[in-house]
Structure formats: C-alpha cells, structure tokens
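Visitor: I've got some questions about this one. Could you pull it up and walk me through it?

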Amino acid sequence: MAEPLLRLDGLRKHFGRLAVTDGVTLDVLPGEIHAIIGPNGAGKTTLIHEITGIVAPDDGRIVFAGADITRLSLPARARAGLARSFQITSIVGGFSVLENVALAVQARSGSSFRFAFPAAREGALNAAAMEALDQVGLADRAALPAGTLSHGEKRALELAIALATRPRLLLLDEPLAGAGPQETDRLVALLTRLRAAYTILLVEHDMQAVFALADRISVLVYGRIIATGTVAAIRANAAVRAAYLGEDDT
Amino acid sequence: MRDIAVPVVVLVALAAAPWLGFGGSYETTLMARVMILGMAAVSLAFLVGGAGLVSLGHAAALGIGAYAVAILDAHGITDAARVLPAAIGAAAIFSLVTGAIAIRTSGVHFIMITLAFGQMAFFTASSLAAYGGDDGYTMYSRTELAGTRLLENRLAFHYICLAALALTWAVCAMLLASRFGRVLRAARENAQRVEAVGLAPYPFRLVGYTLAGAMGGLAGFLLANATEFVSPATLSWQRSGELLFMVILGGAGRLWGAILGALVFVLLETWLAQQMQHWKLVFGPLLVLSVIFLRGGLAGLVARRG
Amino acid sequence: MTTQLLLVQALNGLQLGILLFLVAAGLTLVFGVMDFINLAHGVQYMLGAYLGAALAAATGSFWLGLGLALPAALAAGLLLEVLVFRHLYARDHLAQVLATFGVILFLNEGVKVVFGAAPLQVAIPPLLEGGVEIMPGLQYPLYRVAVLGAGLATGGLLWWLVERTRIGMLVRAGATNAPMVSALGVDINRLFTLVFAFGAMLAGFAGVLAGPIFSVEPGMGDNVLILAFVVIVIGGIGSIRGAFIAALLVGLIDTLGKSVAPDLLRLVLDPSSARQAGAALASMLVYVAMAAILAFRPAGLFPVRAG
C-alpha cells in the first residue's frame, strides 16, 4: 500500500459534551478520489473544518504529505498544497472571473508584497489563470464580474481557483450542493476529467455522483467512521445500510 | 477612464487657480486646507474603500504628523530633511502599533477600537504641557527646505501641497492596483477566500494601515506648516468623523471621490460658517440627510451621469 | 499617597464606573439587539444633564427636575429614533456612524444656542448635602454616595428586567439572533423602539446624576461616549453583565490612574516631568488596558454572540 497523502489519526472534537468527531482515523491515498458520506449531523462539516484548519481538534493528528499539519492555520495548509472548495460558494463577487483565479496564482508564485506594478498587467499571472479557467471550461467568461455567473459556473470557478493553487489534494465540500440536474452532469463530467491529475477528498450528499466518482468511500456516522471501502464493498456493507442507507435511500 | 479623468481635472484646476484670480492669501489658505484634508481623506479612502478597514481614528495620524513638526520646532529643529521623516515616521509607528491590535478585530469592534486609540492620542496631546497642552502650540517658523524658507512662499506652498496630494492619490491608486492591493481588495470582500488560497489577510491589512498612517503623517506635516499652529483639536475624534464623512460624501470605493468630498466639505463648511454663527445646526442635519439619501456619494452621482 | 486618599479615589472611580455603566448599558443593548452603532448616545447623556439642570432651575427642585427630565429624555430618544435612526437599521455601520455623528454636531450646537456655551452649575439637592463618615475622620460627600446607590439600584433593576421578564427575554434573544425572534412573530421594530427609548432614558438619567458633580456643558457627552465604547468593547458587545464589570474597571483605572501615576513616576522623575508624564500616562491607561484585554480576548470579556 502506498504512503497516504493525507492521514487523519484519531481526531477528536467535543462541543460541550457532544463528541462531534469521535476518534476519526482515515487515509487518503495518492491519486484516489476518496468520498466521505454520512447522514445529516454525522459531523462531516466539522471534520472538513478540522482538516482545513478552521476548527482545531481536541486530540489526534493530521498528517499531510508526511508533515504534521495539525496546528497549521488555514492559509498555511493552503500553501502546503491543500486546496478546498466551500459548501457555500466562496468567490470574490466584485472581482472579474480572471482576477479571482489570478489571486490564487499570485498566492503561489512569488511574494504578494509587491506594491508597484499593476497586478492585472502581469502576463504570467493571467496566463496561468486562463489555463485553470480553460480546465473547467470557463475561459470565455474570464472578463465577466464573478458575481454575475450562474450557480454552476460559480462552482466551476471555485474549482478553477483551487486548481490554480497547484494543490496536491483537492478537498471538495459538497461541490454539487444546490446545482440543478444539468449543472450536476456538467460538474460530474468535469470532476471525472480532473481525476487523472489530482487526489480528491470529496464530501457529497448526491449518492449517484459519489458512486460514479469515488474510488473509495468512508462512512461517517455520529462522529465515527463505521466503514471504509470500495463502492461495491460499501454498497454491500450491512452496518452502512442499517445506519445510513436505511435512513436515506437516495 | 473616469477614475483618471476626474482627479486630473480637479488637480489641474487647483494648479491653475492661483493664476485665475484665486491667488490671494484667503483663497490659497482655503485651498491648502482642501488639499491637505483631501490628502488625509484619500489615504482614509484607501483604507475604507480599498481594504475595508473603517477607521474612526485617522485624525490621530494627521495630528501626530503635525505634533512631530511642532515638537521639533520647540527644540529648534526646522530642517525638512529631519522634520518630514519624523512626522511621517511617528504617524506610521503609531499606526503600526495600534493597528497590530485593532486589526485583530473586525466590523464594529474595529471602528470602536480605532476611535479609542485616536482618543488616546488626543488625551496624550492634551497633556503635553510643554507644547501648549489643551491650548495648542504656535510654531516659531515654518519648516526649512534645504536651508531655504520656501515653505513661507505662498505660491510655492500651494504647489507643494498640490504635489503632495497628487502623490498621495497616485501612490494609493498604485497600491490598490498592485498584487498587494489585490489581496487587500479581495480580503475586504471575502477574507475566507483569500485564506483558502494561502494568504493570511492580517499582515497585508497591517501594512496597508501603516502606509495610510504614514500618508496621514505627511498631511499632518503640511497642516502644521499651513497653520503654523497645532492643537489637540487636530486629532480630535470629530476630525476623524469629518475625514470619514469626506470619504463617504465623495463615494467610498473611489479614491478621487475623497478629493471631491474634501473639496465640497471644506467649501460648504466655510460658506456656512460665514452665513451664521451656529452653522453646525445646519451642517449636522445636512450630514444626516446626505447619508440617508445620497448613497454612493458624489462619485456615485458623477458616475451615474456619465 | 495615604490610604484615606486612595479610598476616596477608589470610591470616585466606582462612581464614574456606575455612571459609565448607565450610559454603556443602553449602548450595548442597542448594539446587541439592533446591530446599530449609535455615536449619538453620548449626546443623549448630555441632553439628560441639560434637561435636569434646566428643569431643576425652572421648578426650583432637583427632584422635580429629575422626575421631569426622565420622561423628557425618553421622548427625545423616541423622536430621534423616528426621525433618524429608524432609517439606518438596514444600512452598514459606516452609514450609521456618520449619520449619528451628524446628530452629535446638531445637538452639541443646539444646546449652545439654547443654554449658551458657558457651563451650567447644578446645586446638590439639600437633602443630600454634606458628607458621611466612611472612616474615622474621613468624610465623603453624601451626594456621591447617593449616586453610587442609585446606580447600583438601577443596575439591579436592569438585571431583573433583562434576566427575569418576558421583555428582557426577547431582548436577550434578539441580541443573539434577531431574525429568529422576528420569525417567532414578535414585532421586532417595536422592540427596537422600546430598547432604544429605554437606553436613551438611562443615558439621560446618568446625565442628570452627573449634573451636580461635573459641569454641564456642550460636548460633555463625547468623552463619556468614547469611554462607554471602551466599556462595551471590553465587556463584550451586547452583554449587560460585561458592561457592568467593564464599567467599574474603566472607572477605577481612569480615576486611580490619574491620581496614582504622577506619584509613582515621581519615584523616577523630577516632580514637573513626573506630573506631565503622569498625566499623559494616566489618560492612556484605559486604552492600554483595553488593548491588553483585547489582545487576549478579541471579543471582550463576556462575548454574547458565538462565532
């Protein structure tokens, strides 16, 4: 078995007496799409926050690419190569589509403490940003204000921003939330194209999409991982069916 | 295009004014006030509109710059090569230290904390008995430039103020367009997004806050030389409120709006004060009405027309 | 400095703290419930002081003046709410700051026009003249003791109102989650108006009490406003308990600092520089304390809102 890219080791988080993350141990292997599923209230959002550095775990370790990142801040984790999308789309609405991505490019290429030259005229930044936009099919939208994009396009833009940071791991928090059927199809096709080049940790409610995309699935129930395995193994797992599919048979 | 055109028109008008019958002592004094407060307002517009940092203590930077000139004057130091860096440096250091704490907070906390730090500077100035205390301090002379009394010359001073205003505006515009400014602008709208691409907004905001303080210090240097007098009123919180009003009257988000705001503010204030003793009775309600009805400020009006 | 003087200064500090609390309580409630930053809260304190002074002079009785000034301050608060503040609830903090700043300019000038620029003196009511012996041989003015008592009683009443009554429950709920309270069918606008007018009356009450101690003059509300801001920032915005503790803290630090700092500095400096540096230091102390507290707890001592 290959060395995992991301390893969660015994993560615990309590809010008051409620154990929201109750000893989660999980490996994401290089090159795989690893999905986390679980019913509402299973603690998925908190887990994501712990991985990205918004919430500090009470106990346990997060190891990313061989380094312990448990105490690093959100920006420091991003610089280490952990890119994320947000459950609620997070873009700079007042910026153009291109500038949204160019910001991410500038964050990884050279210092952002440059005070003189107009950033919009930095050809290298714009070229790299266009490349990322091209990957998600938004190249023809580059000049538009990002706030005017459709919901699905904003989702794609957020992906382009994440790609532009040249991440080693993409952490996608419900990328399909709020998308219509057509948009969902387009986004699933996009993620399918990306799978060859990226390692992805996917949290998603849309079971069809998860079963179509994931290499492995971990099932989170009441803060614990009750099963990890291939799509087929998870489908067949009795405990999963009882705890999860029984409640929510989508 | 308008972002360049409007300020250039205003700056050219100010450059031509002394030759169009506005070269008298009264007019140049008034214009100096417009330009100096305009400078402070532009640097505040950079903070408010650019970085999203609504400071209600910006007059402190202005006042500290002015007090640096006065204190050095009291000790016989009037050489611009020493006075100017001291004025800018003192304001920048004050902004750096207070900003380091204030920027940890956000929203209304930030407004209140900058207000409180501004008051701290105000009370400190009031307690400086050696430099006039509450009554203020009258300078022996204006700052000397390379051994000359150039700043005493009315026209020369006019153009020095104009150059400083143009410089402040150009520097702020340059900063906002740079990589640094891009981070500030993005963080104003969505700090989480900036963090998620790997940049922590805090150091950018702190540097921006310090730079704006330095520009406030430059304006303070000129203010002390324009009036040859400093008093705690220079850094009162009312002055901070007035600067903020200039920014909003002009239209936050646009640097040139602040120049326009300063112009309208100073002219209106001067005109009203000539009409009646209790002009603030009219000015206060005007302020309230303009906030309630004139959203987007004067710049918004100009932009909608054009 | 003697123990006796220190005791007197501590009492003075507590009394300043009590006045600050009365002002800060309204400010913190208005902000907590309505997310509204009201710079004009300080001039409402000033207005209370002027109303108290003028009505006491007109009726010849401090008590009648007090009794009439409270409803007048309440009415002034209501008037301002209807005319100005109501139009600003939906706007950002910046717009609120500027519009209420305009109200300050107007009212500070307005009292000059009506009452003149010179400070007004308010006599201590005969009932509360003289002093009480707080230690053998140490007299403390009875009026100041009464202010302390009245402030504590008001604080207790406020605590009861907020913690134990239905209205208070709504106010607390509104401070945590206004949309939720609104969704539960409570007329949030009426609640806003009520809290607002009540806050204005509290500030006015503090103004009337302060009349015989400080001079009544234009702009007297500005410094109190800023100290009240410091209080609610330290205490945690929206928290009455936080405001109470922070107000006493700020009152004590300010008053004791002003009397102790020059003496302490005299140990290391010559008397005249000690006096000057001491005065500068003392006026900074409150803000230094605020900075120190915020460095460790950016949301104040008793944060109301989670996250």
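Visitor: Let's start where chain B meets chain C: how many residues does each chain put into the contact?
Guide: Keep in mind that this is a predicted model. Counting residues on either side of that contact, chain B gives 37 and chain C gives 33.

Visitor: Which element of chain B has the largest share of the side that touches chain C?
Guide: Three helices of chain B each give two or more residues there: H5 (107-126), H10 (237-250) and H12 (280-293). The largest share is 13 residues, and the helix behind it is H5(B).

Visitor: And by class, how many nonpolar, polar and charged residues does that side have?
Guide: We're still on the 37 residues that chain B brings to chain C. They split into 26 nonpolar, nine polar and two charged.

Visitor: Now the other neighbour: which element of chain B gives the most to the side that touches chain A?
Guide: This contact takes 19 residues from chain B and 28 from chain A. On the chain B side, the helices with two or more residues are H6 (154-177), H7 (179-189) and H8 (191-196). The one that gives the most, with six residues, is H7(B).

Visitor: How do the residues on that side of chain B divide by class?
Guide: Take the 19 residues of chain B that meet chain A. They come out as 10 nonpolar, four polar and five charged.

Visitor: Moving into chain A, how many residues of strand E7 are buried?
Guide: E7(A) covers residues 169-173. One side has A:Leu169, A:Leu171 and A:Asp173, the other has A:Leu170 and A:Leu172, and all are buried. So buried here, meaning 20 or more other C-beta atoms within 10 Å, applies to five of five.

Visitor: Do E7(A) and E8(A) run parallel or antiparallel, and which residue is the bridge partner of A:Leu172?
Guide: Five bridges join E7(A) to E8(A), residues 199-203, and the two run parallel. With helix H6 (residues 181-194) of chain A, these strands make a right-handed β-α-β unit. Within E8(A), the partner of A:Leu172 is A:Leu202.

Visitor: What about E6(A): which of its residues stands opposite A:Leu170?
Guide: E6(A), residues 82-85, pairs with E7(A) in the parallel sense over four bridges. Opposite A:Leu170 stands A:Ala83.

Visitor: Last one: which residue in the hairpin of E1(A) and E2(A) takes a positive phi?
Guide: E1(A) (residues 6-15) and E2(A) (residues 18-28) run antiparallel, joined by eight bridges. A:Phe15 has A:Leu18 as its bridge partner, and two residues lie between the strands. The one with a positive phi, near 65°, is A:Gly16.

Technical notes: Residues are numbered from 1 along each chain as its sequence is written. Chains are lettered from A and ligands numbered from 1 in the order in which they are written. This is a predicted model: local features need pLDDT of at least 70, side-chain atom pairs count only at pLDDT 80 or more; totals for chains, interfaces and linings use all residues. Two residues are in contact if their C-beta atoms, placed from the backbone, lie within 7 Å. Ala, Val, Leu, Ile, Met, Phe, Trp, Tyr, Cys and Pro count as nonpolar, Asp, Glu, Lys and Arg as charged, and the others, Gly among them, as polar. A residue is buried if 20 or more other C-beta atoms lie within 10 Å of its own, exposed if 12 or fewer, and partly exposed in between; C-beta atoms are placed from the backbone. Two strands pair if DSSP finds at least two bridges between them. A crossover is right-handed if, with the strands pointing away from the viewer, the path from the first strand over the helix to the second runs clockwise.
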